[in-house]
Each structure stands twice: as structure tokens, then as C-alpha cells.
Protein chains: 2
Amino acid sequence: MYFPGMPAPLARVVEMLASLPGIGPKTAMRLGLNLLARSAEDSLALAQALQTLHEQVGFCEQCGCFAEQEHCQFCNHIKRDHALICVVEQPVDVLMMERGHSFRGVYHVLHGRLSPIDGIGADTLRLPALDQRVSGGVKELILATSATVDGEATAHFLARRYQTADVMISRISRGVPEGGELEYLDEHTLSRALDQRVAWERVQP
Amino acid sequence: MYFPGMPAPLARVVEMLASLPGIGPKTAMRLGLNLLARSAEDSLALAQALQTLHEQVGFCEQCGCFAEQEHCQFCNHIKRDHALICVVEQPVDVLMMERGHSFRGVYHVLHGRLSPIDGIGADTLRLPALDQRVSGGVKELILATSATVDGEATAHFLARRYQTADVMISRISRGVPEGGELEYLDEHTLSRALDQRVAWERVQP
């Protein structure tokens with residue numbers, strides 16, 4: 001969106017904001033104007049935070065999670081079960097899993113998933129590090145790739161890759177999400193929820 | 001939104017992005033992750049642009065538009081009609097007006113509008129500069145404040161303020177917006193469009 005008479009420094013900020021996902025030119029314009037209307041300190045603080053973002057945030061050498069040091073807080077944590085590895089696609093998936101506050105194992109981030117259609121093969125995934133961890137003695141590998149065609153293909157690939165290894169392999173459950181009303185769920189989710197129904201535990205009388 | 005295990009530098013960026021209008025915590029998270037996934041240069045470029053934003057963009061001393069120098073490009077423009085002043089509420093309104101490519105006069109930005117309910121009075125508006133311009137010989141003052149209660153009140157206030165001055169005062173027209181379908185317009189707009197109907201110019205046979 002071109003605005004005649006817009007100052008170049010504002011146009012630069014707006015253009016860069018508009019390159020972010022989900023930010024259209026109108027939203028970028030509103031954000032740029034808001035930053036200009038606020039104090040200079042606010043813009044500088046955001047500038048500062050952006051400058052240190054890549055400098056300070058890297059990936060754990062072992063598991064591939066976000067890490068500010070060589071290893072992430074999960075791999076460094078002595079109270080976590082290091083023989084229980086949850087395999088996810090992206091670093092952000094780890095943050096999502098941790099929101100549940102229930103998993104006490106560690107992670108392995110693949111940094112991608114197989115996508116035969118897009119020509120993305122196994123060589124792009126962080127597999128050598130996972131091979132090493134599995135052969136180093138792991139009890140269970142939880143495949144927590146997404147419930148999409150590509151995520152499912154990746155899970156199948158991993159299950160086959162480690163089928164001869166001395167490790168239990170599991171897949172996160174699928175079915176009706178918490179709070180999900182049947183009315184708004186698709187037929188595939190409902191079919192699977194029926195197929196994979198779990199026996200109700202009877203309370204002893 | 002709190003994510004356990006999120007690196008602090010990322011959390012800082014996300015928090016600041018979430019303070020922008022229309023950016024909720026989930027969107028801020030997506031933007032932060034996107035910036036992290038992109039090259040460090042992208043973040044630095046945005047940081048740089050934000051740093052210079054307030055340094056380089058100020059307001060025109062005469063009209064109050066955005067300006068990178070003492071005066072804006074409109075006040076400096078010799079081909080514009082400096083006796084025709086369009087009064088708007090905010091600097092961004094000037095950018096919107098300029099998109100039409102049809103106005104050849106200059107602007108005056110009030111940097112606000114009267115809002116008796118919020119206790120915003122005439123002393124907060126850029127009026128002394130406008131008084132000076134009007135008394136310095138202006139042909140027409142186009143009141144282009146918004147078509148809201150406050151914008152209308154501000155237009156009334158200005159019309160009264162300059163009623164004895166030697167200047168023609170006009171108000172931008174109101175009615176059905178271009179492309180507007182009657183089905184989706186409110187009754188106030190339609191009433192006004194009927195009241196202020198314009199005679200159709202007959203083509204001479």
C-alpha cells in the first residue's frame with residue numbers, strides 16, 4: 001500500500017512489519033503509526049529486543065530446543081527422565097507441550113517433517129542426533145509429530161527406523177480435543193475417536 | 001500468555017509486540033517465532049528502522065503533518081494552493097487524503113478532536129497556529145474532521161471560531177461511500193444521503 005507523503009523512515013518500518021505473517025499493509029500501517037505516537041523509548045526497547053533476539057537465542061546441541069546456552073533447560077534438568085524422549089517437529093512445539101505442566105521427560109526437535117510432495121526428505125531432519133540418543137539407551141520414544149498427513153508420515157518413518165532398536169515407541173493419542181463439541185468436529189476425528197475408544201474404568205461397588 | 005521454557009530474549013520481543021494495537025498474545029508469539037526463524041539480518045533491519053523512526057520523523061511546524069524537516073512537503077510545495085486549508089484531526093488523515101491524488105491545497109492537523117465526555121477541550125488542539133494562518137489570509141477552510149459525534153463537535157467549534165474571519169468555511173460531504181451497497185449501510189447514513197441529495201445534472205439533448 002503506497003501512501004504519497006508518508007515519511008521514508010515510517011514507510012521502512014511499515015514495510016518490514018508488513019512482511020511478518022498475518023500482518024497486512026493496513027495493519028502494518030496502524031502498528032507503525034502507533035509506534036510513532038508512543039514514546040521513542042518504546043520503539044527503542046523493541047529495537048533493542050530484536051537486536052539481541054538472534055544473538056541470544058539458539059538451539060540446544062542435544063535436543064534442538066530453543067536454548068540460551070549450549071544445552072537447553074530440559075536437557076540440563078537433573079530431575080527430568082532422560083530416558084523418555086518426546087519427538088516433535090518444531091522448537092515451538094516444545095513450548096506448547098510444556099504448557100501442560102505434565103511431561104517430565106526430555107525432547108527431541110526434528111526441525112521439520114517429511115513432506116514427499118514438497119521434496120523434503122529424511123536428510124533435512126535432525127536424525128543423526130536422535131540415532132545417537134536412541135542407541136545410547138532410551139526407554140521410550142513418544143512420537144508427537146502433528147496429526148497431519150506429513151506428521152503421520154514422519155511418525156511412520158521414525159517408528160520403522162527404530163523398530164529394531166531396544167526402545168518402546170508410542171504415538172500421542174488422537175480424538176476429540178478437550179472442550180470439543182461433536183457438532184463442530186470433522187468426521188475423521190469422530191471416526192478415530194470411536195475406533196480408538198478407551199474402556200471406562202468401573203468404580204468398584 | 002506464559003510459556004514455560006520460552007527463552008527470555010524471545011519473551012521480551014513477544015511481550016513488546018503484544019503491546020501493539022490489535023496484536024494479541026498468540027499473534028505476538030507467532031510474529032516472534034517468525035522473526036527468530038528468519039535471518040538475523042531481518043530482525044536487525046527492523047530494529048534499525050525502529051531506532052530511526054522517532055529520530056527522523058517529526059511534525060511540520062506550520063501544519064502539524066508528519067515531516068522529516070522543519071516544514072512538510074505540502075507546506076514547502078510551491079504549486080499547492082496555500083490559501084486552501086484542509087483541517088484534519090491526525091497526521092495519518094493527511095496520508096489518507098493524499099491517496100485521493102485530487103487535493104491541491106495544504107493541511108492543518110489539529111492533533112486531536114474535542115471530546116467533552118473525555119474532558120478533552122480546545123486547549124489540547126493545535127489552534128494558535130491555525131488562528132495565525134487564518135488571520136494571515138486564507139481563502140477557504142475545509143473542515144475534514146471525522147463524521148463522529150466528536151468530529152462533528154470539533155467542526156462546529158471551528159466553524160464558530162472563524163465565523164467572523166474573512167474566510168469561507170466548508171465541511172466534507174457525507175453520504176453513501178463509494179462502492180457502498182444500501183443493504184449494508186446504517187439508517188443514519190441513508191437518511192443523510194437522502195437529505196443531502198444532489199440534483200442530477202441533465203445532459204443537454
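Here are a few worked exercises on a predicted model with chains A and B.

**Exercise 1. Lay out the sheet of chain A: which strands stand at its edges?**

Start with the order. Chain A has an open sheet of 4 strands, arranged 4-3-5-6, and the pairing is parallel. Now look at the two ends of that order. Strand 4 (105-109) and strand 6 (168-171) of chain A each pair on one side only, which makes them the edge strands. Next, check how the strands sit against each other: ignoring direction, neighbours in this sheet are turned by 25° on average.

Then zoom in on one pairing. Strand 5 (residues 140-143) of chain A joins strand 6 of chain A in the parallel sense, over 4 bridges. If you want a spot to click on, A:I142 stands opposite A:S170 in strand 6 of chain A.

**Exercise 2. Find what covers that sheet: which strands does helix 5 of chain A lie across?**

Take helix 5 (residues 91-98) of chain A to begin with. This helix lies across strand 3 (81-88) and strand 4 of chain A, and runs at about 155° to strand 4 of chain A. Move on to helix 6 (residues 127-135) of chain A, which lies across strand 3, strand 4 and strand 5 of chain A. Its angle to strand 4 of chain A is about 150°.

**Exercise 3. Go over to chain B and explain why one side of strand 4 and of strand 6 lacks a neighbour in the sheet.**

Get the order down before anything else: chain B has an open sheet of 4 strands, in the order 4-3-5-6, with parallel pairing. Strand 4 (105-109) and strand 6 (168-171) of chain B are at the edges with a single partner strand each, so one side of each has no neighbour in the sheet. From one strand to the next, the twist averages 25°.

For a residue-level check, look at strand 5 (residues 140-143) of chain B, which pairs with strand 6 of chain B in the parallel sense over 4 bridges. There, B:E140 has B:M168 in strand 6 of chain B as its bridge partner.

**Exercise 4. Classify the ring pairs around A:Y107: what kind of aromatic pair does A:F74 form with A:Y107?**

The count over all chains is 6 aromatic pairs. In the pair of A:F74 and A:Y107, the centres are 5.4 Å apart and the planes make 70°, which is edge-to-face. Then see where the two rings come from: A:F74 is in helix 4 (residues 73-76) of chain A and A:Y107 in strand 4 of chain A, 33 residues apart, so this pair links distant parts of the chain.

Now try A:F103 with A:Y107. Their ring centres are 5.2 Å apart with planes at 55°, so this pair is tilted. Put the pairs together and you get one aromatic cluster of A:F74, A:F103 and A:Y107.

Last step: buried or exposed? A:F74 and A:Y107 are both buried. A:F103 has 15% relative accessibility, so it counts as buried, and A:Y107 does too, at 1%.

**Exercise 5. Work out how the chains are related: what rotation superposes chain A on chain B?**

Recall that two copies of a chain are related by a rotation about an axis and a shift along it. Here the rotation is 180° and the shift along the axis is 0.1 Å, with an RMSD of 0.1 Å. That's the relation of a two-fold axis. To find the axis from chain A, go to A:A47, whose C-alpha is the nearest in that chain, 1.9 Å away.

Finish with the interface: 100% of the interface residues of chain A are also interface residues in chain B, so the copies meet through the same surface.

Technical notes:
Residues numbered from 1 in each chain as written. Chains lettered and ligands numbered in written order. Predicted model: local features only at pLDDT ≥ 70, side-chain atom pairs only at ≥ 80, totals over all residues. Heavy atoms only, no water. Pairing = 2+ DSSP bridges. Helix = DSSP H or I, 4+ residues; strand = E, 2+ residues; numbered from the N terminus. Axes fitted to C-alpha atoms, helices over the stretch in contact; angles between N-to-C directions. Contact = heavy atoms within 4.5 Å. Phe/Tyr/Trp six-rings, centres within 6.5 Å; stacked < 30°, edge-to-face > 60°. Buried < 20%, exposed > 50% of the residue type's maximum accessible area, 1.4 Å probe, protein only. Least-squares fit on C-alpha atoms with pLDDT ≥ 70 in both.
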